[in-house]
Amino acid sequence: MTAVWITIAGLAAATVAIKAAGPLIVGERQLPPAADAVIALLAPALLAALILTDTFAREQDLTVDARAAGLVCAGVAVALRAPLLVTVLVAAVGAAAVRAVS
Amino acid sequence: MAPRPAARERFRLGLRAGLGFGAAAFVVGISFGAVAEPLMGSVAPIVMSAVVFAGASQFGATSVLASGGTAATAIATGAMLNARFIPMGVAAASALRGSRLRRAVEGQTVVDASWALAARGEDGFDREALLGGTLPQYPAWVLGTVVGVVAGGALGNPESLGLDAIFPAFFLGLLAAELGRPHAVATALVGGGIALALTPLLPAGLPVLLASLAALIGLRR
């Protein structure tokens, strides 16, 4: 039981420090244009990484399961320029449908 | 470039999106509460959601403890799963206001969905969208955990509703809006490739953190 509370306290402190790091490192300094150009590309880099690991990773294994069907459905919705809310619902329905029949 | 709407309007747009994120956070919070209760009892999971407020790291640390790992291993695992918040915080930093303490506190509102909503590439970072997007998610996450702890076993598996497909779909919609920028397609391909290639090799969390290196493509003129 003690291990649980140590974990909670330690992880809370670590998370606060991690989230504070960026604002404290960068502060109010005006960044050089090269840094701005890199920061502007963090979104596509991290979004692509989150999409693929949220869909295909189970711990350290790569698998294809119902989540992939959800992502395909979301891709179709995005290609048809569906609103974000519709895209998300279509993905959930697609993944749930595959799980229901498998 | 179109003029940005006023701060209040941007906060309201963030809040509206945040209600949707909050619904998802509520459901994921239920599953966290249900998973953690047998291991931790009823109080600790709720405290953890209230003070950590980062889903993936809570699941990761809990699974380490459940498999007999030490507190140190659980903390390290959870911290690695949160490491992506460092580059996210760097991107958000220029838009945050006030004293160092205040900016560090505002930085605590960085969570995946709100950050992705607020990251607007070369147009800068939208502080109001970040704050509005996160505001509904915190109470939803904690309340969801309470429901999961209390009712856990009685509720079905959230995966049967396809809820684990929601966040990738959301991120895909946001990514599509980013792809018009210079180098964005190449960066997404390299970042996604790094994450997939490293997933079997490194502990969860690090592949996503290292994928941020793909943004160095921005140094090419």
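User: Which residues are buried in helix H6 (residues 100-107) of chain B, and how should I read such a list?

Analyst: Keep in mind from the outset that this is a predicted model. The general idea is that an α-helix has 3.6 residues a turn, so residues three or four places apart point the same way. In H6 of chain B, the buried residues are B:Arg103, B:Ala104, B:Glu106 and B:Gly107. Seen down the axis of H6(B), these buried residues fall within an arc of 160°, so they line one face of the helix.

User: Which exposed residues does the face of H6(B) turned away from its buried side carry, and what covers the buried residues?

Analyst: The face turned away from the buried side of H6(B) carries B:Leu101 and B:Arg102, both of them exposed. The cover over the buried residues of H6(B) includes helix H1 (2-26) of chain A, together with helix H5 (85-93) of chain B.

User: Which residues of helix H2 (residues 33-40) of chain A are buried, and what do they pack against?

Analyst: In H2 of chain A the buried residues are A:Ala37, A:Val38, A:Ile39 and A:Ala40. These residues pack against helix H3 (42-56) of chain A and also against H5 of chain B.

User: How many residues of chain B are in contact with chain A, and how would one describe such an interface?

Analyst: The size of an interface is often given as the accessible area lost when the parts come together. Here the description is by residues in contact, with 86 residues of chain B meeting 65 residues of chain A. On the side of chain B that touches chain A, helix H10 (residues 166-178) of chain B gives the most, with 12 residues, and by class that side has 56 nonpolar, 20 polar and 10 charged residues.

User: What confidence does the predictor give to the complex and to chain B?

Analyst: For the complex, the predictor gives an ipTM of 0.87 and a pTM of 0.81. Chain B has a mean pLDDT of 89, with 96% of its residues reaching 70 or more. Within chain B, confidence is lowest in H10(B), at a mean of 86, and highest in helix H2 (residues 43-51) of chain B, at 98. H10(B) is also the helix that gives the most to the side of chain B touching chain A.

User: What is the radius of gyration of chain A, set against that of a compact globule of 102 residues?

Analyst: Chain A has a radius of gyration of 19 Å, whereas a compact globule of 102 residues would have one near 13 Å. Along its principal axes, the C-alpha trace of chain A spans about 50 × 50 × 25 Å. Chain A has five helices and two strands, which follow the pattern α-α-α-β-β-α-α along the sequence, and buried residues make up 48% of the chain.

User: Which domains does the assignment give for chain B, and how many residues of each are in contact?

Analyst: The domain assignment divides chain B into domain 1 (7-162) and domain 2 (179-221), whose centres, taken over C-alpha atoms, are separated by 22 Å. Nine residues of domain 1 are in contact with eight residues of domain 2. On the domain 1 side of this contact, helix H4 (residues 71-81) of chain B supplies the largest share, three residues, and the residues of that side divide into four nonpolar, three polar and two charged.

Terms used. Residues are numbered from 1 along each chain as its sequence is written. Chains are lettered from A and ligands numbered from 1 in the order in which they are written. This is a predicted model: local features need pLDDT of at least 70, side-chain atom pairs count only at pLDDT 80 or more; totals for chains, interfaces and linings use all residues. Two residues are in contact if their C-beta atoms, placed from the backbone, lie within 7 Å. Helices (H or I, at least four residues) and strands (E, at least two) are DSSP runs, numbered from the N terminus. Ala, Val, Leu, Ile, Met, Phe, Trp, Tyr, Cys and Pro count as nonpolar, Asp, Glu, Lys and Arg as charged, and the others, Gly among them, as polar. A residue is buried if 20 or more other C-beta atoms lie within 10 Å of its own, exposed if 12 or fewer, and partly exposed in between; C-beta atoms are placed from the backbone. The arc is that of the directions from the helix axis to the C-beta atoms. The radius of gyration is taken over C-alpha atoms; the globule rule is 2.2 Å times the number of residues to the power 0.38. pLDDT is the predictor's confidence in each residue, from 0 to 100. Domain bounds come from an automatic or database domain assignment.
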